[in-house]
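Reader: I would like to learn how to read a few features of a model, going from the surface to the interior and then to a sheet. Could you take me through them one at a time?

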Amino acid sequence: MDTTYFDNRVPNHTKFDKMIFVNQAGYLPDSEKKAVITVFCKTFQVMNTDGKPCFEGPVSHFGLDKTSGDDIYLADFSAFQTLGTYYIQTDDAHQSLHFSIDSKVYTDVFRATMKAYYFLRCGCALESAYAGPFTHGKCHDKTALLWEDRSVELEVSGGWHDAGDYGRYVTAAACALAHLLYAYKLYPTVFKDFHLHIPESGNGIPDILSECRQELEWILKMQRKDGGVYHKATTQVHAPFVMPEEDTAQMFVFPVCSLDTADFAAVCALASGIYEKYDEAFSKRLLEAAQLSAEWLAKNPEFLGFENPEGCNTGDYSEPTDVDNRFWALAELYAATGMKEYHDALEKASHKVFSKVGLGYHAVGGLGSLAYILCERQVDLKLKKRLENGFLKQAKKLAKVSDSCGYGAAMEESYYIWGSNQVLLKIGMIFAIADMIEKNNNYRKYAERQIHYLLGVNATGYSYVSGTGEFNIQNPHLRPAFADGIEECIPGMVSGGPNRYLMDPDAKLLIPKGTPPMKCFADDMGCYSLNEITIYWNSPAVFLFASLICSKE
Ligand code: 9MR
Ligand code: ZN
């Protein structure tokens, strides 16, 4: 077993003049390759590291891109397929950062975005054999108190820290787990013998499943005896910027909600199918837990949402309705058991679903659609078609948005919200799902463009994954990244990205009013509405990398 700490970070390039934007991880040889240039020019060259031109061509004038406010020229070098390391140079000598052309360009960043979950583990210490310099002591392992009845003590240690904060939230966890488990379910070959250098590596179970089990074991602890599932385990207020083991304030468990109960039932049912092959007892435990929560849902048909109680400022993850959550739960339970009662209920719920393509914690209907589309049992073909068409229609619409953006992002101006990189990556997932449904690669180019954006083809020039590329985010709103005193950032973290609504005081100070949406970003630790990280922003990246790597195998 190779347990060496995995690390391929490159120091940020200080002379980058942000005139030419490339995918800093690089391009697959036969992929679309376009550099975005924001300075007037007529021709460009692809230069190798000896400064020799290897390919050249005229640029095309794209014109004004409204999401970034940039006047854009495109350098298309898709025809150039020779493996190597290069940079782009314009006729007036502006230069891009370096990038590779190689069939393995996604491997390291794919591994890093998955390894990020190990760095977020809670309830245990991180050891240097696996964490390199980014170790921490055992954290958040004391019993928690029930918020509404302080005489009740609960043992809810484990799982992953949610984000820049140390809270653990069930709906967020279910969403991240769903992306990771579906990545495994749809693209299993990519995870075969793919080591993350975690303590479980080499145990005969794919590392991604060992990592997900950490979180599954935690959410199982969040289920009450009657099947209802608690919303979150957090302190009363967010910790200061200290290491996790120094956050010793009392932990609380917050009330049961129908949202959490449904998402829990869904993801446990999904996981039970996936783990069956590796650990029958665990798979059975998951399914029993899912069915117990389904009973609770049936007995409690009313929406029971969540709002932070007075005096608590940790995440609230409120949602306006639980219709989509219940639909997702029923679809996964039907797929796992084939029981008619689940099917009857899901058909009814399918008419009320708010978003049949929603893949995030706030709208999980698309996860229900995915479960039904992939279900190997007898299904209502009309309903299946309707759900498939939902994805296909959306992919068609989003491809047009991508074509209308100079940077190729399928992002309307209104999509640049808190966590816009998740919006972008979920769009990438929709392209991948559309190709899966149609059994072709028609949208692959569009899916890949979202990755190009994430890794540097965007108006800020950042690679939004810490440690990947010559100019990547280094100061995310992530407590240990500050408190560890290490200059370099923990690798593999996906930043939330630009947010036109500048929803924190530092963002308001740093970003001038009227800045175009794609540029509303700062790599600043204080800017929690721009540059935080979360478990459900990394997970769609893992999904998308897996799909892109798989379709080339
Ligand atoms: O990701 C959440 C985003 O959609 C909301 O707009 C935002 C404000 O409510 O909260 C985000 O979630 C945060 C959560 O509440 C606590 N952990 C960190 C999350 C990312 O910022
Ligand atoms: Zn912890």
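Reader: Is Y501 buried or exposed, or does Y501 count as partly exposed, and why?

Author: Bearing in mind that this is a predicted model, the class follows from relative accessible area, where buried means under 20% and exposed means over 50%. Y501 has 45% relative accessibility and therefore counts as partly exposed. Y501 is found in the loop between α14 (479-483) and α15 (505-510), and together with I417, W418, M503 and Y528 it makes a nonpolar surface patch of about 450 Å².

Reader: Turning to the interior, which residues have the most contacts inside the largest nonpolar core?

Author: They are L181, I219, Y275 and F431, in a core that has 186 residues, and helix α3 (residues 170-186) gives the largest share of this core, with 14 residues. Apart from it lies another core, of 8 residues, which include L145, C257, L259 and C312.

Reader: With which residues is F431 in contact, leaving aside its neighbours within four places in sequence?

Author: Among the contacts of F431 counted in that way are A395, L398, A399, A410 and Y443, and the list also includes Y446, A447 and Q450.

Reader: How should I read the open sheet of 5 strands, and what is its order?

Author: In general, strands of a sheet pair through backbone hydrogen bonds, either parallel or antiparallel. Here the order is β10-β9-β14-β13-β11, with mixed pairing, and the edge strands, β10 (149-154) and β11 (168-169), each pair on one side only. Strand β9 (residues 144-146) runs antiparallel to β10 and is joined to it by 3 bridges, with L154 in β10 as the bridge partner of A144.

How values were computed:
Residues numbered from 1 in each chain as written. Chains lettered and ligands numbered in written order. Predicted model: local features only at pLDDT ≥ 70, side-chain atom pairs only at ≥ 80, totals over all residues. Heavy atoms only, no water. Patch = residues over 30% accessible without salt bridge, like charges linked within 9 Å, V, L, I, M, F, W, Y side chains within 5 Å. Areas by Shrake-Rupley, 256 points an atom, 1.4 Å probe, with all protein chains shown as cover. Salt bridge = Lys/Arg side-chain N within 4 Å of Asp/Glu carboxyl O. Helix = DSSP H or I, 4+ residues; strand = E, 2+ residues; numbered from the N terminus. Buried < 20%, exposed > 50% of the residue type's maximum accessible area, 1.4 Å probe, protein only. Core = buried A, V, L, I, M, F, W, Y, C linked by side-chain atoms within 4.5 Å. Contact = heavy atoms within 4.5 Å. Pairing = 2+ DSSP bridges.
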